[in-house]
Amino acid sequence: MITDISSAEARQVEEIDLGSYVNLGLKQSTLLKVNSVQIQYCDTKGLPATVKEAPGAGEFGSAFCAAAITTKAVPASMAADAMPQLSDDSTMFTASIVASNGNTAAAGDQGITTSDMDLAPQHLADGYLVGVDTLYLYGASDDKWAEVVHVNVLLECQLVSATQSNAVALALSQQ
């Protein structure tokens, strides 16, 4: 879970420790197979976050929030307001939402919210094998939300056996 990502497009990160599940043993290795990824964008109460009121008559207020899961930390050279993309080898999942609130809506009314799942379907047909002991959950949003935005993630996984050579090769490719 990432908390308070509702400020000026600054990317936040939370590490997901998989050390209890991924094992690159000498004789037998265990990998994690991610079958499904669920992302929740919410306020501190678990409810949908609301957009700030539109600035004036005939105008719309809008806000965005994005999330990504990677198998390695983004390089220090990546701009603080940039997010990992699916074209990056270490990115396994991305998602985003965009919300708008016209000035005709009541104060605190959500208006319209859309979600873009960049990796469809989020239920992965053959799964996504993970050979590293840490995943990185990134989140970013702009400052147009009326409240703090949280990003929560749920990974549906299973453990799979692999030979040591295959597991090490996978782990090295994901670092």
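Strands are DSSP runs of E of at least two residues, numbered from the N terminus. In the predicted model examined here, alanine 66 belongs to such a run, strand β4, which covers residues 60-70. The relative accessible area of alanine 66 is 14%, and the residue is therefore classed as buried, the limit being under 20%. A contact distant in sequence accompanies this position: the C-alpha atom of alanine 66 lies 8.1 Å from that of tyrosine 138, although 72 residues separate the two along the chain.

The chain as a whole contains 9 strands and 1 helix. Their order along the sequence is β-β-β-β-β-β-β-β-β-α, so that the helix follows the strands in the pattern as read with numbering from the N terminus. Of the 175 residues in the chain, 42% are buried.

Two further positions were examined for pairs distant in sequence. Asparagine 152 is situated in strand β9, for which the residue range is 150-162. With a relative accessibility of 16%, asparagine 152 is counted as buried, because this value falls under the 20% limit. Between the C-alpha atoms of asparagine 152 and glutamine 38 the distance is 8.2 Å, while the separation in sequence amounts to 114 residues. Tryptophan 145, by contrast, is placed in a loop, the one that links β8 (134-141) to β9 (150-162). Its location in a loop notwithstanding, tryptophan 145 has a relative accessibility of 5% and so counts as buried. The C-alpha atom of tryptophan 145 is 4.4 Å from that of valine 51, a residue 94 positions away along the chain.

The charged side chains were considered next. The search of the whole structure returned 1 salt bridge. This interaction pairs aspartate 143 with lysine 144, and the closest N and O atoms are 3.4 Å apart; the pair qualifies because the criterion requires a nitrogen and a carboxyl oxygen within 4 Å. Both partners are partly exposed: the relative accessible area is 35% for aspartate 143 and 40% for lysine 144. Each value lies between the limits of 20% and 50%, and neither residue is therefore classed as buried or as exposed.

A patch of negative charge is present on the surface, where Glu14, Glu15, Asp17 and Asp133 gather. One of its members, aspartate 17, is part of strand β1, which comprises residues 12-17. The relative accessibility of aspartate 17 is 60%, so this residue is classed as exposed, the threshold being over 50%.

Finally, the cysteine residues were examined. The number of disulfides found is 0. Cysteine 42 takes part in no disulfide, and the nearest cysteine sulfur to it, at 9.7 Å, is that of cysteine 65. Cysteine 65 is likewise in no disulfide, its nearest cysteine sulfur being that of cysteine 42 at 9.7 Å. Because a disulfide requires sulfur atoms within 2.5 Å, the pair does not meet the criterion. Both residues are nevertheless buried, with a relative accessibility of 3% for cysteine 42 and a relative accessible area of 0% for cysteine 65.

Notes
Residues are numbered from 1 along each chain as its sequence is written. This is a predicted model: local features need pLDDT of at least 70, side-chain atom pairs count only at pLDDT 80 or more; totals for chains, interfaces and linings use all residues. Side-chain values use heavy atoms; hydrogens and water are left out. Patches are made of residues with over 30% relative accessible area and no salt bridge: like charges are joined within 9 Å, nonpolar side chains (Val, Leu, Ile, Met, Phe, Trp, Tyr) within 5 Å. Accessible areas come from the Shrake-Rupley method with a 1.4 Å probe; for residues, only the protein chains shown count as cover. Lys and Arg count as positive and Asp and Glu as negative; His and the chain ends are not counted. The place of a charge is taken as NZ of Lys, CZ of Arg, CG of Asp or CD of Glu. Helices (H or I, at least four residues) and strands (E, at least two) are DSSP runs, numbered from the N terminus. Buried means under 20% relative accessible area, exposed over 50%, partly exposed in between (1.4 Å probe, protein chains only).
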